[in-house]
Amino acid sequence: MTDLNKRTWFRAAALGLVAAAILVGCGKKEEPKTEAAAPAAAKAEPLKIAFAYVGPVGDGGWTFAHDNARKALEAEFGDKIKTTFTENVSESADAERNFRDMVAQGNKLIFGTTFGYMEPMLKVAADAKDVKFEHATGYKQAENMRTYDSRTYEGAYMAGVIAGKMTKSNTLGVVASIPIPEVVRNINSFTLGAQSVNPKVKTKVVWVNEWFNPPKETEAATSLINSGADILFQNTDSPAVLKTAEEKGKRAFGWDSDMTAYGPKAHLASSVINWTPYYIKATREALEGKWVGGTGVWWGVKEGAIDIVSIAEDVPADTKAKIDEIKAGLKDGSFAIWKGPLMDNAGKTLLKKDEVADDKFLSGVNFYVKGVEGKVPGNK
C-alpha cells in the first residue's frame, strides 16, 4: 500500500470512529435531574394559654378546681397548646401587671379566674387587641374579652336541702367572703334549700371579706359554732371551715372542690364546680378561629358545670332522692330555685306567687331572704 493510500485509510477510519461516537451520544438517554427533597412543613406553634389564680393551686377549693380544669385542657389538646399559670394574684394593680406580663410572654388566650380581675383585664384587653381574654364571674365584656360563670347557687341550694334535714339546732352558719351578688345569692339559695325541707331554720352569716384566708375562715367558723350553728356552709376557698367543724364535732360542706378528706367525719357533701367543659369549649374555638368576644355564658347543673358529690352515708335516703330529683329538674328546666312567693328578711315581697326570677334578677341580688339574719354589708 502506498503512503498516500495509507493516509487515506487512516483518515477514513478516524472519521468512522467519530461518527460512531456521535451516534452513540445521540442515542444516549439523559439521566433525570433529581430535585432536592422539599423541606418538611414547619410544625404549628402551640396556642399559649395563661391562667391567673387568686389563691394557691393547693387551696383545696376554688383555685384547685380551676387548675384541675387546666390540666384536663392539656390532656384534651396535647401539644396543640401550652398552658402556664400564676397563683396568688391579688385583686389589685398586681392583676393588671400580671395580665400585661402574660401578653408580653406571647399568650394569646388568657383566663382571669376571679371577680376582682374584671377592671384590670378590661384595661389590658383594650391595649392587646390580638389577645383573647376570658373573665370568670364578671359582667363587663369587650370585643376581645368575654365572661364565663357557674351557677354556684344551684349547688348551694342542694347543700341547703341536706343541711335543713340534718340540723338539730335549726341554726345554720355561713362563712362568707366578699359581699357581691354572687355570694349573697349563694347564702340565700342555701337558706331556701334548707327551708324547703325545714321551715324552722335560720341562717347566721359572718363575713371575712377575703376569698382565701384560712385563719379568718377558722375564726368565723368558730364564732358561728359558738352562736349555736351546728352545720356550716361557706363561700370561701379553703377547707378551713370544714376542718373547724371536724375539730368541734359539727357538720359542714365542701365548696368548689370535693373536700371530704379534710374533715371526713364532719363532711355532709361537697358542692363542686367543673370548669373543664367551658375551658375546652373556649380553647377549641380559639384554635379553630371561631372564638368571639363580647359574650358570656352562665352554666350550671344542666351543662355539667355544677354538682353535689360525696354525700355522707348518714344523710337519709329520702333526702338523697330529693337531691336527685332537683338535679333532674335543673337539667330539664322543670325546677326553679328562685320562685315566688318570696320575701326578703324585712318582709318585702321579692317574687309573687309562681313568679320565677330571671338571670337579670339573680345577677342583682343584694338582700337576704327571709330566714337569714342581719343585713348585707353596705345596705342600710
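**Strand pairing between β1 and β3 in the predicted model.** Two strands count as paired if DSSP finds at least two bridges between them, and the views described here are taken from a predicted model. Within this pairing, isoleucine 49 stands opposite leucine 109 in β3. Strand β1, residues 47-52, and strand β3, residues 109-112, run parallel and are joined by four bridges.

**The open sheet of six strands.** Following the order β2-β1-β3-β4-β5-β11, the strands of this open sheet pair in parallel fashion. Its edges are formed by β2 (81-86) and β11 (296-299), each of which pairs on one side only. When direction is ignored, neighbouring strands of the sheet are turned against each other by 15° on average.

**Helix α4 packed on the sheet.** Helix α4, which covers residues 118-127, packs on the sheet and touches β3, β4 (132-136) and β5 (145-150). The direction of helix α4 makes about 170° with that of β4.

**The largest nonpolar core.** The largest nonpolar core holds 91 residues, of which Phe253 and Trp338 touch the most other members. Helix α5, residues 152-166, gives the most to this core, contributing nine residues. Apart from this core lies another, of 14 residues, with Leu242, Ala252, Met259 and Ala266 among them.

**Surroundings of phenylalanine 253.** With its neighbours within four places in sequence left aside, phenylalanine 253 is in contact with Ala159, Ile162, Ala163, Phe190, Ile231, Leu232 and Phe233, and likewise with Gln234, Leu242, Leu268 and Ala269. Leu242, in contact with phenylalanine 253, is one of the residues of the separate core of 14 residues.

Definitions and conventions: Residues numbered from 1 in each chain as written. Predicted model: local features only at pLDDT ≥ 70, side-chain atom pairs only at ≥ 80, totals over all residues. Heavy atoms only, no water. Core = buried A, V, L, I, M, F, W, Y, C linked by side-chain atoms within 4.5 Å. Buried < 20%, exposed > 50% of the residue type's maximum accessible area, 1.4 Å probe, protein only. Helix = DSSP H or I, 4+ residues; strand = E, 2+ residues; numbered from the N terminus. Contact = heavy atoms within 4.5 Å. Axes fitted to C-alpha atoms, helices over the stretch in contact; angles between N-to-C directions.
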